[in-house]
Amino acid sequence: MPVDTSFAGRAYPPGDVYVVSREKLREFAEATGATHPAHTDPQAARALGYPDVIAPPTFAVVVAQRTEAQYVQDPAAGIDFSRVVHADERFTHHRPIHAGDRLRAALHVDAVTQRAGLSMVTTRCEIVDEDGGAVATVVSTLAVRPEDAA
Amino acid sequence: MTAAPARPALADLAVGQEVARRPVTVDRARLVRYAGASGDFNPIHWNERVATAVGLPGVIAHGMWTMGAAAAVVADWAGDPGAVVDYQVRFTRPVVVPDPGEVVVDVVATVGALDAEARTVRLDLTVSVDGARVLGRAQAVVRLV
């Protein structure tokens, strides 16, 4: 089934709350080699003016990919994950994410285009905190190879 | 009390200046660790059979792992990971991770632009394996004090 271009422009309201924990931030920091103490030592984070340990710059992908799942895993969207390649990713941080944050993310399908059989799907997650304050914007583009490609 | 690390000053920077350089190694264990930490369990990042069946040369690193590893170099230079206000990359070439063995990913950060009014610096990152770039248009905007 081809990628359904009619999904372009769709918006999904914020879903479940994602509670950011110190241990998850430590795990993510260790996995990416982020050794700055502000990720793991609350005192080091407070010395920089943050209320608790802060997330590495790409941690928001954890929240974003959960949010994107409701679209990219929808069979009606026609996105076959065995043919997907990640094309690009962008994070705009309105403020750093820290432990204790209760985040929600709204999803927007910004573009679904087709060119020479290759489909490009661009999504945008707007991540906000409990008070609705902007935390991060995550824009991601997936390339879906055509079915007959090797 | 943790001593505050030194932070770079905008006035000391010039466009074209190299500010950070670090080799980062990745092996299969690292990819499994990233899969668990990120929640991205796509088997092309840990299962050779699945990776080759979909036409890849072998197990490849998560593009997001590579992006994250390069971000750590920027965060350390900035002295404050929260100062990275914008960060974007294109994934241009897969990083094939053998077993047994490991791959060295070279990260070099150069000043691409300075904005005195916004008090930000744009770092342009060269991220490569054996001299071949694996990320394109990799740019991080860092707010300086």
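Colleague: Which residue of E2(B) does Thr92(A) stand opposite?

Modeller: In this predicted model, Thr92(A) faces Asp86(B) of E2(B). Thr92(A) also has a bridge partner in E6(A), namely Thr137(A).

Colleague: What makes E3(A) and E2(B) a strand pair?

Modeller: A pair needs at least two bridges found by DSSP. Five bridges join E3(A) to E2(B), residues 84-91 of chain B. The two therefore count as paired, and they run antiparallel. One of the residues involved is Arg90(A), whose bridge partner in E2(B) is Gln88(B).

Colleague: Why is E6(A) also called a partner of E3(A)?

Modeller: The same threshold of at least two bridges applies. Nine bridges join E3(A) to E6(A), residues 134-144, so the two strands pair. Their direction is antiparallel.

Colleague: What does each chain bring to the contact between A and B?

Modeller: Chain A gives 35 residues and chain B gives 32 residues. Residues count as in contact when their C-beta atoms, placed from the backbone, lie within 7 Å.

Colleague: Which elements of chain A supply at least two residues each to the side that touches chain B?

Modeller: Helices H1 (22-32), H2 (42-47) and H3 (60-72) do, and so does strand E3 (84-93). The largest share, eight residues, comes from E3(A).

Colleague: How is that side of chain A divided by class?

Modeller: The side of chain A that touches chain B has 18 nonpolar, twelve polar and five charged residues. Gly is counted among the polar ones.

Methods
Residues numbered from 1 in each chain as written. Chains lettered and ligands numbered in written order. Predicted model: local features only at pLDDT ≥ 70, side-chain atom pairs only at ≥ 80, totals over all residues. Contact = placed C-beta atoms within 7 Å. Helix = DSSP H or I, 4+ residues; strand = E, 2+ residues; numbered from the N terminus.
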